[in-house]
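The following exercises concern the packing of helices and the arrangement of strands in one structure. Each task is followed by a solution in steps.

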Amino acid sequence: MVGLSDQTVNYGRLAEVYDAIMGDPEGVERYAEMLDKYLHGRKVLDLACGTGDLTLALHKKGYRMTGLDLSQPMLDITAAKFHPDSIRLFCLDMLNFNLGETFDSIICANDSVNYCDSLQQYEALFYGVNCHLTLGGTFFFDVHMESRLKEFSEPFEESGRIGQMGYQWLIESEPPVLRHTITIYSKGYPVIETHQQYIFEISEILSLLSQCGFRWEIIDPKKINDLYLNEKYLICATKERNL
């Protein structure tokens, strides 16, 4: 069965410090404003929603949000940010889920699609999205550009402290893998989490989208104030047919 590895995407200890290390309120708001121009309808599913900042930003804009993520620790943090009756959350694999309903739009943001380690997994993702999307509905996602592998051919390292907890974050590339190694120093021994993202040719990804019943558009960064310029492809796909 095709599915993500929860050892690759565990976010166990990282969930505790994810917002402090990765949090970007201004970036989240810019992303939400951009999505507001492309989403179809008001009922939206957020795949790999993480700690829920984008989910919540869209909820505040009037969308009826459902969040799905493989990591229960991340969802626990999400759930603490809003009233439990306002947003539904599911701990499920975005490559293998069945909610028994359809949505007007589905999103998968912040490099989450890059956790697919093969084109077979991309196909599983697109198939599941098709099954949960209304005809004419929108699937919006972003993926790393191929140039990111070259960008991190020389490793990038960052370190800091969050309260009593120290961390080191290392990013390095080993094509087609972009590897993130996060070391968290707290009580006892260091905890190390490794997260691998996979970067494929965009033409292969778009070809699979077409095969899975979508027409697609790569958003011109100039239309959205250069959001993720030279970093990511922002893709808006519309469901044209059922599979």
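In this predicted model, helix α2 passes α3 in a right-handed crossing.

**Exercise 1.** Determine which residues of α2 and α3 make the contact, and classify them as nonpolar, polar or charged.

*Solution.* Step 1: α2 contributes Val28, Glu29, Tyr31, Ala32 and Leu35, while α3 contributes Asp53, Leu54, Ala57 and Leu58. Step 2: the residues of this contact comprise seven nonpolar, no polar and two charged.

**Exercise 2.** Describe the geometry with which α2 and α3 pack, and state how the orientation is to be classed.

*Solution.* Step 1: two packed helices are described by the angle between their axes and the distance between the axes. Step 2: for α2 (residues 25-38) and α3 (residues 53-60), the angle is about 50 degrees and the axes lie 9 Å apart. Step 3: that angle makes α2 oblique to α3.

**Exercise 3.** Establish the strand order of the open sheet that four strands form, and identify the strands at its edges.

*Solution.* Step 1: the order is β6-β7-β8-β9, with antiparallel pairing. Step 2: β6 (156-162) and β9 (191-198) each have a single partner strand and stand at the edges, so one side of each is left without a neighbour in the sheet. Step 3: from one strand to the next, the twist averages 15 degrees.

**Exercise 4.** State how many bridges join β6 and β7, and name the bridge partner of Arg161 in β7.

*Solution.* Step 1: β6 pairs with β7 (residues 165-174) in the antiparallel sense over seven bridges. Step 2: the partner of Arg161 in β7 is Gly166.

How values were computed
Residues are numbered from 1 along each chain as its sequence is written. This is a predicted model: local features need pLDDT of at least 70, side-chain atom pairs count only at pLDDT 80 or more; totals for chains, interfaces and linings use all residues. Side-chain values use heavy atoms; hydrogens and water are left out. Axes are lines fitted to C-alpha atoms, for helices over the stretch in contact, and angles run from 0 to 180 degrees between N-to-C directions. Helices (H or I, at least four residues) and strands (E, at least two) are DSSP runs, numbered from the N terminus. Angles under 35 degrees count as roughly parallel, over 145 as roughly antiparallel, 65 to 115 as roughly perpendicular and the rest as oblique. A crossing is left-handed if the near helix is turned anticlockwise from the far one by less than a right angle, and right-handed if clockwise. Contact means heavy atoms within 4.5 Å. Ala, Val, Leu, Ile, Met, Phe, Trp, Tyr, Cys and Pro count as nonpolar, Asp, Glu, Lys and Arg as charged, and the others, Gly among them, as polar. Two strands pair if DSSP finds at least two bridges between them.
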